[in-house]
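Subject: The structure for you to look at

Hi,

Here is the structure I said I would pass on. Have a look at it first, then read on for what I found.

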Amino acid sequence: PAELTSREQVASNFANSFSIALQRAVALRLSQPPGHISVTDASVQQSQLGLAKPHIAATLNLYVARESDAAPLGRSWQTDSQAVLDQMTLMSQDPFNIEGLFLLDQLKAELRKATSLDPVQASVLTQVEPSLDLRLGSPEFLGAGRITTSPPVVPPAAGPSKKEEEQ
């Protein structure tokens, strides 16, 4: 819509609402704490020579929950990194499979919540929601190194050789 593409402040506000909505939607779909997910560099991109429709591009970072992370009553976090990666891969490979469609529906619901208090953003969402789709890039797994609390074990020094003992 014209409001989104012609006014920089409206585009910036909508990109921020999109970031919040994507964070919440991914957290719910992947059973992760929302604080473990960050969406950065969200910006509205204009169409380029008819090759791409206007879209929002962003970077999504996710830190998988650990057993020690407190969960709200009745919820538990997915703590298996491989399971989270597999689900993200499934959603990114085919945005029209069941998991991708569930994520898109959750994103739309979260966008409605995030834009509900701003009439201009709510109007923009009403205009773009029917054609809204979500395309995720290929996920990249970066494992954290294991943190140790004890110092490394140093092998004991070798004792004197037999020749040194005889002298």
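Let's start with one helix, α5, where Gln 121, Val 124, Leu 125 and Val 128 are buried. Looking down the axis of α5, you'll see these buried residues within an arc of 100 degrees, so they line one face of the helix. The reason behind that kind of pattern is handy to know: an α-helix has 3.6 residues a turn, so residues three or four places apart point the same way. Turn to the face of α5 that points away from the buried side, and you'll find Pro 119 and Thr 126, which are exposed. Keep in mind that this is a predicted model.

Now zoom in on Val 124, which sits in α5, a helix covering residues 119-128. Is Val 124 buried or exposed? Its relative accessibility is 1%, and buried means under 20%, so Val 124 counts as buried. Try finding Ala 11 too: Val 124 and Ala 11 are 113 residues apart along the chain, yet their C-alpha atoms are separated by 9.7 Å.

Gln 121 belongs to α5 as well. Gln 121 has a relative accessible area of 7%, so it is buried. What does the side chain of Gln 121 make a polar contact with? The partner is the side chain of Ser 17, at 2.5 Å. Leaving aside residues up to four places away in sequence, Gln 121 touches Asn 13, Phe 14, Ser 17 and Thr 115.

Have a look at the start of α5, too. Asp 118 caps the N-terminal end of this helix, with a side-chain oxygen 3.1 Å from the backbone nitrogen of Val 120.

Next, how helices pack. Two packed helices are described by the angle between their axes and the distance between the axes. For α4 (residues 98-115) and α5, the axes come within 8 Å and cross at roughly 155 degrees. Angles over 145 degrees count as roughly antiparallel, so that is what α4 and α5 are to each other. On the α4 side, Leu 111, Arg 112 and Thr 115 meet Gln 121, Ala 122 and Leu 125 of α5. Sorted by class, this contact has three nonpolar, two polar and one charged residues.

α4 also packs against α3 (residues 81-93), and there the axes come within 7 Å and cross at roughly 85 degrees. That makes α3 and α4 roughly perpendicular to each other. Gln 87, Leu 90 and Met 91 of α3 make the contact with Glu 99, Gly 100 and Leu 103 of α4. By class, the residues of the contact of α3 with α4 are three nonpolar, two polar and one charged.

One more residue to click on is Ser 19, in helix α2 (residues 8-30). Ser 19 is buried, with a relative accessible area of 13%. Not counting residues up to four places away in sequence, Ser 19 touches Val 39 and Ala 42.

Finally, zoom out to the whole chain. How many helices and strands does the chain have? There are six helices and two strands, and from the N terminus on they run α-α-β-β-α-α-α-α. Of the 167 residues in the chain, 28% are buried. Among contacts between residues at least 6 apart in sequence, 59% join residues at least 24 apart.

Cheers

Key
Residues numbered from 1 in each chain as written. Predicted model: local features only at pLDDT ≥ 70, side-chain atom pairs only at ≥ 80, totals over all residues. Heavy atoms only, no water. Helix = DSSP H or I, 4+ residues; strand = E, 2+ residues; numbered from the N terminus. Buried < 20%, exposed > 50% of the residue type's maximum accessible area, 1.4 Å probe, protein only. Axes fitted to C-alpha atoms, helices over the stretch in contact; angles between N-to-C directions. Parallel < 35°, antiparallel > 145°, perpendicular 65-115°, else oblique. Contact = heavy atoms within 4.5 Å. Nonpolar A, V, L, I, M, F, W, Y, C, P; charged D, E, K, R; others polar. Arc of directions from axis to C-beta. Polar contact = N/O pair within 3.5 Å; in protein donor to acceptor, adjacent residues only side chain to side chain.
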